[in-house]
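Trainee: I would like a close look at a single part of this model, followed outward into the rest of the chain in one connected account.

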Amino acid sequence: WALRAWVVDTVTGDTTTLATAGARVDSADVVALRAVFVAGARGPALQVFGGEQVTIVEGDYSGAQPIDPAAPLTPGDPDDYAVSMDLPGSATVRLDSTRIHDNTGFGLLVTGPLSVTMRGTTVERSFGALGLAVVKFSGVGAVTIAQSSFLQNGYGEVLIEDTPGFGVTASVDTSTFDDTNLKVFGYGSFAMRGGQVLDGYNAAVDVDSTDVVSLVGTEIASTQVGEGPPTPTSGGPWAVTVAAADSLRADSLWIHDNLAGALGVLNVTAVSAYGNLIEANALAYSLYEVKLFQTQRARIAQSVIDDRAGFAYRSVDVVYGLAGGASVVVDTSTFLGGPSYGVYAGGSGAGYNDTLVVRGSRMQPGDGISQAYTSVFASSVGHVAAVGNTLDSATLGVYAQYSNTAEVRDNVIRYVQYGAYVYSAPQGDTVSGNTIECQPSNNS
């Protein structure tokens, strides 16, 4: 080590350059480093163990190499990260205007403190591969990332993780991820606002086992896929995947030009998706653009799903669970392109009293050539309503079977072979006020 300090009150470094060897600080109450540059260290550029307060401002940590270049790197091992900190639960960390770049090992590891604030910091060109944590925050009470960048990290990921149930929080604000995935696991809440996630892999944004999730105003684009065609029943992967949450807010997202599908929502109790622009996804395989799997309450509103490019098989795929009483509403949204299905809903049986409502929406290919198979399809869903929609250019406008009640009214259904097919077990159907214009070759 070029600098080694332990069991002291304060360590201060200001405008210092260390070459070929890094710095290690043990059990200092306060560590304050400003404009400290470490280049070409054999082993970590900086390690901090213990202490109550760490502040790193305008630092530059580059060229760090593993102690044993022949040994495989291990995510979570401090010796394999250029910068690492292992701190008590009362400690705080501030990283500001710092670069961690061009290291042979991983980038940044922070374990245990009460809070981490990371602002204006860049981690780029670290060693990375799919599923490896290039940046890892583990067991941190509150993680705040703002105006930061994670670039060209070989499909590695920024991992923010904790044990579920402790109510900890994390947020990412106006930051850029390029060739770097974002994964959050086990937090009480996670919020992402603005910024970009570009050139990710399979699930560029992956939030799992986190109670409250909010994604607002972020661009997610150019996500790659590499595991071959999906299984027919999954419909994924999706560029944004949220699983096992109490609630999800997806607002004003721009999800586009991904080889993967757009949004997978799996076992989330309540979903609110407003004002999103989803276009030109599923560019590699036949996928489901948006999947709602076993939600209890979901609403998609004022959104555009444009499938004129790509191979989307279903624009919105809904799978109901066994809890019963679930409700999915698709409201005032626009569907463009010619996937086989616009909204496809599969229930567990009419007796579960689940509900599908599609209202005030427009579905049409938009290119004058393509044709959907069925605009709105529902099977074994307790209550189905298609009201006030414009459904254009399909084999079937509305298909609803094995429900308790079905309501198809006040729709404009045109350039179709069949306007509506409705069948419910108790024959509790309402079909009225529709304008149906069949293709010239069919008078049904």
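Is leucine 109 buried or exposed?

Mentor: This is a predicted model, and what follows should be read with that in mind. Leucine 109 is buried, because its relative accessible area is 3%, which falls under the 20% used as the limit for that term. The residue belongs to strand β11, which covers residues 106-111. Once residues up to four places away in sequence are set aside, leucine 109 touches Gly76, Asp77, Pro78, Tyr81, Val83, Ser84, Met85 and Lys136. Taken against another leucine, at position 356, leucine 109 is separated by 247 residues in sequence and by 45 Å in space, C-alpha to C-alpha.

A second buried residue can be described in the same way. Glutamine 401 sits in strand β41, residues 390-409, and it counts as buried because its relative accessibility is 14%. Its side chain makes a polar contact of 3.2 Å with the side chain of serine 379, and another, of 3.0 Å, with the side chain of tyrosine 399. When neighbours within four places in sequence are left out, the residues in contact with glutamine 401 are Ala378, Ser379, Ser380 and Tyr423, so that serine 379 appears both in this list and as a polar partner.

From single residues we can turn to the pairing of strands, where β28 offers a convenient centre. Strand β28, residues 261-274, runs parallel to strand β26, residues 238-251, and 11 bridges join the two. One of the pairs places threonine 241 with glycine 264 of β28 as its bridge partner. Strand β28 is also joined to strand β30, residues 287-293, by four bridges, again with the strands running parallel, and here glycine 264 stands opposite lysine 291 of β30. Glycine 264 is thus named in both pairings, with threonine 241 and with lysine 291. A further five bridges join β28 to strand β31, residues 297-301, also in parallel, and in this pairing valine 271 has alanine 298 of β31 as its bridge partner.

Strand β31 leads on to the charged pairs. Side chains of opposite charge can pair when their charged atoms come close. A search of the whole structure finds 18 salt bridges, and one of them joins arginine 299 to aspartate 331, with the closest N and O atoms 2.4 Å apart. This pair links distant parts of the chain, since arginine 299 is in strand β31 and aspartate 331 in strand β34, residues 327-331, with their positions 32 residues apart in sequence. The two partners fall into separate accessibility classes: arginine 299 counts as partly exposed because its relative accessibility is 27%, whereas aspartate 331 is buried, with a relative accessible area of 7%.

Another salt bridge joins aspartate 173 and arginine 193, whose closest N and O atoms are 2.8 Å apart. It too links distant parts of the chain, with aspartate 173 in strand β18, residues 169-173, and arginine 193 in strand β21, residues 189-193, the two being 20 residues apart. Arginine 193 counts as partly exposed because its relative accessibility is 48%. Aspartate 26 forms a salt bridge with arginine 24, in which the closest N and O atoms are 3.0 Å apart, and aspartate 26 counts as buried because its relative accessibility is 12%. Beyond these pairs, Asp60, Arg99, Asp102, Glu124 and Arg125 are linked in a network of salt bridges.

Some backbone details remain to be examined. Glycine 236 and proline 237 are joined by a cis peptide bond, with omega about 10 degrees, and proline 237 is placed in the loop between β25, residues 219-221, and β26. The loop between β27, residues 254-256, and β28 holds aspartate 257, whose phi is near 55 degrees, a positive value in a residue other than glycine. Aspartate 257 is partly exposed, because its relative accessible area is 38%. Tyrosine 415, which is not a glycine, likewise has a positive phi, of about 55 degrees; this residue lies within a strand, β42, residues 412-432, and is partly exposed because its relative accessible area is 47%.

Key. Residues are numbered from 1 along each chain as its sequence is written. This is a predicted model: local features need pLDDT of at least 70, side-chain atom pairs count only at pLDDT 80 or more; totals for chains, interfaces and linings use all residues. Side-chain values use heavy atoms; hydrogens and water are left out. Buried means under 20% relative accessible area, exposed over 50%, partly exposed in between (1.4 Å probe, protein chains only). A polar contact is a pair of N or O atoms within 3.5 Å; within protein, one must be able to donate a hydrogen and the other to accept it, and residues adjacent in sequence count only if both atoms are side-chain atoms. Contact means heavy atoms within 4.5 Å. Two strands pair if DSSP finds at least two bridges between them. A salt bridge is a side-chain nitrogen of Lys or Arg within 4 Å of a carboxyl oxygen of Asp or Glu.
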